[in-house]
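User: I'm new to reading protein structures. Could you walk me through this one with a few questions and answers?

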Amino acid sequence: MTRPSAPVPKTATEPQSSASASASASASASASASATPLLEVRDIRKTYHLPRGQTLKAVDGVSLSVMPGEVLGLVGESGSGKSTLGRCLLRLTDVSSGQIVFEGQDITHLGERAMRPLRQRMQMVFQDSYASLNPRRRIGDLLAEPLRVHPGPDGRKRSHAAITARLHELMELVSLPLSALERYAHEFSGGQRQRINIARALALSPRLIVADEPVSALDVSVQAQIVNLFTDLQTRLGLTYVFVAHDLAVVRQISTRVAVMYLGVVVELGETDAVLHHPAHPYTAALTAAVPRPEVGAPRAAPLGGDIPSPIARPAGCRFHTRCPAAQERCKVEDPALRPVSQGHFVACHFPLTDD
Amino acid sequence: MTAEAPPPPGLWRQAMRSLARNRTAMAALAVLAVITLGCALAPLYARDIARTDPFTSNVAGSIMLDGQETDIMQPNENPLHLGLSPIGPTGHTTYLLGADSQGRDVAARILYGGRNSLLISSCAAVLCLFLAAAAGIAAGFFGGLVDTVLSRLMDIMWAVPVYLFAISLSIVTVSQGLRLGPFVVEADSLLIPIVIIALVYVPYAARPIRGRVLALRQAEFVTAARCLGVPRWRIVLFDILPNVSTTLVVLGPLLMALSLLAESALSFLSIGVQAPAASWGTIIQDGEGLIYTRPMVAIAPGLAIVLVVLALNILGDGLRDALDVRDTARRPS
């Protein structure tokens, strides 16, 4: 099993030849060959052991790189492993195997204490804006917590005044009134609470933010505001996002690159435009076709039949063959590896779609 | 939400306001307050109102009732007037509820006994809550081996009936006191029933706390705190504890009621509060032999126990309702 150790531009290389598909974004066209990824994961797996000897492979061999300043969108249905992957990236869930490298440092096996200083530079925004805020603490107290725990830029404990000043900055960043600091989570709307969550994630000025479906629980009109806030903050603060979502419209708006996940693996990876407008994987094609179009009389694509199979008993061969309109005999036997179809665009399919 | 609105009151204040609107709970609180105050003022009552010494035997004494000198020990009302019974309820401030077999003022003894009963049950409840919170939070939050060891220990304690357990422990300690290295606890110390009662109820309080913490550990705000690099002790102290504090507060009065019953039982069996000190349990025991002739000696402290236990239960229910209001009704949909 070999994989390129350095980014290989232009020429197509097999990033992985293992049985399970995996993706390497190191050949991404957006990143220059010399740039080092902010976060890189190599063949990570997360297996849950269930009663009666069953295993659930939530993440089944994923390799990705996240370049500084980019927004990587992770899309997929429920059960595709995208949220688990997001948690693994930040070491909130321990991986079963594989490697996680953050800022060039292998963090796969770091303990809680060793991770603590790194936490300042990697943060998460959760899906459930209510559940992720302690209902019994005031917002100001919640936002101050990371500032109390971590030393200030001078390496010393932050003073009370410094914390207050930072809280005011954060409120301004996410456009909330200062009076919000005195209140409890239940007094806010979903969108306001998500702003609070974003403010908390920003408190320590991180470089990387993993956003786990941060807008999927919100009203559509509020979704747009929050997505705009994410975009706005990214340009102002030079952030890097891994943005988990199942809504392609949201992903299209915010992402520079997209990774499409299905049953624990990345099936397609590439620039947002390439993946969403010229999908090479039948699954991505079905996803994009299922997005309702605003034109009158726009043709509706035939929806994908059935549900995502259970990750406990995933299909042999290509894991998508049970629902794939183009499945052939080979797909039932052989698991396709992730391979390039064009520069920076990878797909795990024996019969990738072409534009014509 | 507008910027001008004043900051809302704290969550505890909201719960207390809600409790204050609950009339039944407030009545229970008033009953408890009156009884507690009465017991606290026991020395004043004995000295200035009853004018008796409730701790010395007075079988040969007499008191003035309506200008008549009356013996405290009265001949029985059988045809031959055989034997003596202590004086019954007099309807006067002195010996209001009559005398016990030692000729001591029952009313004054009930107030003094209440001091011990209430002190022991409240201290036991607080100690039990403290131990149960520590055990429940440790087991629930750290899980794994800590949880296994603590939970099995609780199961073992649980397997022994509470009263049997308390009685066994009491018999050993009451006969000899307790010597643990430099710590010496005298056999008649109130610490003995306090610690024993607190210990035997720990499993009952720890289990719901552990369950709550197990759920909280999975809560997303705990994950969020971990993600922020908050050390575990801070998560326990500032994220877990405030969320189990409602459980603790609701358990408090209920545990005190249970402790009061346990204390009375132990004292009734002479292995709780030791003579000459009184508790409601010991007074009931005094009254046991007089149950046919002077039932008031046993009934009055019994009534006091019933009243306090009922009031504590009602207060506990009221607290639960008051604290639940915020947890459920105000949780946004």
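**A hairpin in chain A**

User: Happy to start small! In the hairpin formed by β1(A) and β2(A), which residue in the turn has a positive phi?

Analyst: Keep in mind that this is a predicted model. Strands β1(A) and β2(A) make a hairpin, and five residues lie between them. In that turn, the residue with a positive phi, about 60°, is A:Arg52.

User: How many bridges join β1(A) to β2(A), and which residue of β2(A) stands opposite A:Lys46?

Analyst: Strand β1 (residues 39-49) of chain A and β2(A) run antiparallel, with nine bridges joining them. Opposite A:Lys46, in β2(A), you will find A:Val59.

User: Why is β2 of chain A described as largely enclosed?

Analyst: Here a buried residue has 20 or more other C-beta atoms within 10 Å of its own. Strand β2 covers residues 55-66 of chain A and is largely enclosed by the rest of the structure, because the number of its 12 residues that are buried is 10.

**Where the chains meet**

User: Which element gives the largest share of the side of chain B that touches chain A?

Analyst: In all, 24 residues of chain B are in contact with 28 residues of chain A. On the chain B side, the elements giving two or more residues are α9 (232-268) and α8 (220-227). The largest share is seven residues, and it comes from α8(B).

User: How many nonpolar residues does that side of chain B have?

Analyst: Sorting that side by class gives six charged and three polar residues. The nonpolar count is 15.

Note on methods. Residues are numbered from 1 along each chain as its sequence is written. Chains are lettered from A and ligands numbered from 1 in the order in which they are written. This is a predicted model: local features need pLDDT of at least 70, side-chain atom pairs count only at pLDDT 80 or more; totals for chains, interfaces and linings use all residues. Two residues are in contact if their C-beta atoms, placed from the backbone, lie within 7 Å. Helices (H or I, at least four residues) and strands (E, at least two) are DSSP runs, numbered from the N terminus. Ala, Val, Leu, Ile, Met, Phe, Trp, Tyr, Cys and Pro count as nonpolar, Asp, Glu, Lys and Arg as charged, and the others, Gly among them, as polar. Two strands pair if DSSP finds at least two bridges between them.
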